[in-house]
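Here are my notes on the model you sent, set out as numbered points. They begin with the charged pairs and then move through the aromatic rings, the surface and the backbone.

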Amino acid sequence: NQMKKLSFFFFLILGIVNLQAQETDEILSEEDEIIDNLLGEESVEEFLKSATDFQFLHFSIDYNNKTYFSGRDIGTDQFNVSPQLTYVNSNGFFAGITGIYFSEFTPKWDYTAVTLGYGKSFGKDKKYRWSTSYARYFYSDSTEDNPFTNAFSLGLEVDNKKKTLGTEISATYLFGSDNSFQLISSTYGVLSLSKTKKSHLKLRPQLNIVVAQQTIQLSQTFTVRGKQFTRTVQNNDFGLINTQLQIPLQFDVNDFTFELGCIVNFPSELEGETNLETTSNFNFSISYLLDL
């Protein structure tokens, strides 16, 4: 008999890093639109030429009615809530603190993460942006083996002039008592539905492709002279983990953003997995932007 099982923690940490990266990237990619709204009729280009210092605090809380890890259903029906606070300034520096609450896990508050990073736009019309960040994870249950306690990320993004279409590729190195590596490709589009001086209703679909190092534990049971023996072998491969489609409806009014959307996962089968199903959930978030 042969039994293959995948590391639950591996999928958990991938989900954590992916969630945190998406939150931070969305804040940074909307920076020009935020400035534009604050300025009224003055163009972003004119403002950037004259201004030398600006900074923001961004508060957000995100609710998902179901919880999946790298698109996979682990058999526990639960929701999750993730609050986040992010600071961004005109010099390219950003910092954030976030965490996640799972309704059925013990402890329910899984971890707290602190992120420090730096990024800059460059090129004609500031269409390109690079960023780098470091994250430190503090887990609530210190008795568990949490091999990934640090993450170092590097990203490169390109957008069109109006910020209605863009793509980012980010690489993350996870390390601690163990190490892993992942690549995420994110492509988004913005469809404006209604816009006034103080509000903006839009669709912002996004496609995420996650490629990562796969940690697979193989347990093989065999019988010799009437006695059973178990041998465990761990394999590390690199390949496609999950493809995710997000379809959020966003409503910006004054300094608040409300978002209601659907997330669909198309997980890719790894060694030991068969008949993976497409998973989906709804999410809702509220955020507030404070101009400092």
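1. A residue is called buried here if its relative accessible area is under 20%, exposed if that area is over 50%, and partly exposed in between. The model is a predicted one, and by that cut-off both Lys 163 and Asp 159 are buried. The side chains of Lys 163 and Asp 159 meet in a salt bridge, with 3.7 Å from N to O.

2. That pair is one of two salt bridges in the structure. In the other, the side chains of Asp 252 and Lys 202 come together at 3.4 Å, N to O. Asp 252 belongs to strand S13 (residues 227-253) and Lys 202 to strand S11 (residues 199-203), so this salt bridge ties together parts that are 50 residues apart in sequence. Asp 252 counts as buried at 13% relative accessibility, and Lys 202 also counts as buried, at 2%.

3. As for the overall architecture, the secondary structure of the protein chain comes to three helices and 15 strands. The chain has 292 residues, of which 44% count as buried. Among its contacts with a separation of 6 or more, 55% are made by residues 24 or more positions apart. The accessible surface comes to about 15,400 Å², and 56% of this belongs to carbon and sulfur atoms.

4. Aromatic pairs deserve a point of their own, since a search of the whole structure finds 14 of them. In one of these, the ring centres of Tyr 118 and Trp 130 are 5.7 Å apart and the planes stand at 55°, so the pair is tilted. Tyr 118 lies in strand S5 (residues 109-122) and Trp 130 in strand S6 (residues 128-139), so the two rings tie together parts that are 12 residues apart in sequence. Tyr 118 is partly exposed, with a relative accessible area of 33%, and Trp 130 is likewise partly exposed, at 32%.

5. What arrangement do the rings of Tyr 137 and Tyr 139 adopt? Their centres are 6.5 Å apart and their planes stand at 25°, so this pair is stacked. Tyr 137 counts as buried at 2% relative accessibility, and Tyr 139 counts as buried at 15%. Elsewhere, Phe 59, Phe 256, Phe 258 and Tyr 288 form one aromatic cluster.

6. Two arginines should be inspected together with the rings that they face. The charged end of Arg 136 sits over the ring of Phe 138, at 5.0 Å from its centre, while Arg 204 lies over the face of Tyr 188, at 4.1 Å from the ring centre.

7. On the surface, a nonpolar patch of about 1,100 Å² includes Phe 93, Leu 116, Tyr 118, Trp 130, Phe 152 and Tyr 173 among its members. S5, S6 and strand S7 (148-159) each supply at least two residues of this patch, and the largest share, four residues, comes from S7. Leu 116, which has its place in strand S5, is partly exposed, with a relative accessible area of 48%.

8. Asp 178 is found in the loop between strand S8 (165-176) and strand S9 (179-189), and at 33% relative accessibility it counts as partly exposed. Leaving aside residues up to four places away in sequence, Asp 178 touches Pro 147 and Phe 148. The C-alpha atoms of Asp 178 and Asn 146 are separated by 8.8 Å, although these residues are 32 residues apart along the chain.

9. Some backbone features remain to be looked at. Most residues other than glycine have a negative phi, and most peptide bonds are trans. The peptide bond from Thr 106 to Pro 107, however, is cis, with omega near -5°, and Pro 107 lies in the loop between strand S4 (93-102) and S5.

10. Ser 70 has a positive phi, near 50°; this residue is found in the loop between strand S2 (55-64) and strand S3 (80-89), and it is buried, with a relative accessible area of 10%. Asn 254 also has a positive phi, near 55°, and lies in the loop between S13 and strand S14 (256-267). Asn 254 counts as exposed, at 55% relative accessibility.

Methods:
Residues are numbered from 1 along each chain as its sequence is written. This is a predicted model: local features need pLDDT of at least 70, side-chain atom pairs count only at pLDDT 80 or more; totals for chains, interfaces and linings use all residues. Side-chain values use heavy atoms; hydrogens and water are left out. A salt bridge is a side-chain nitrogen of Lys or Arg within 4 Å of a carboxyl oxygen of Asp or Glu. Buried means under 20% relative accessible area, exposed over 50%, partly exposed in between (1.4 Å probe, protein chains only). Contact means heavy atoms within 4.5 Å. Accessible areas come from the Shrake-Rupley method with a 1.4 Å probe; for residues, only the protein chains shown count as cover. Rings of Phe, Tyr and Trp (its six-membered ring) pair if their centres lie within 6.5 Å; planes under 30 degrees apart count as stacked, over 60 as edge-to-face and the rest as tilted. A charge sits over a ring if NZ of Lys or CZ of Arg is within 6 Å of the ring centre and within 35 degrees of the ring normal. Patches are made of residues with over 30% relative accessible area and no salt bridge: like charges are joined within 9 Å, nonpolar side chains (Val, Leu, Ile, Met, Phe, Trp, Tyr) within 5 Å.
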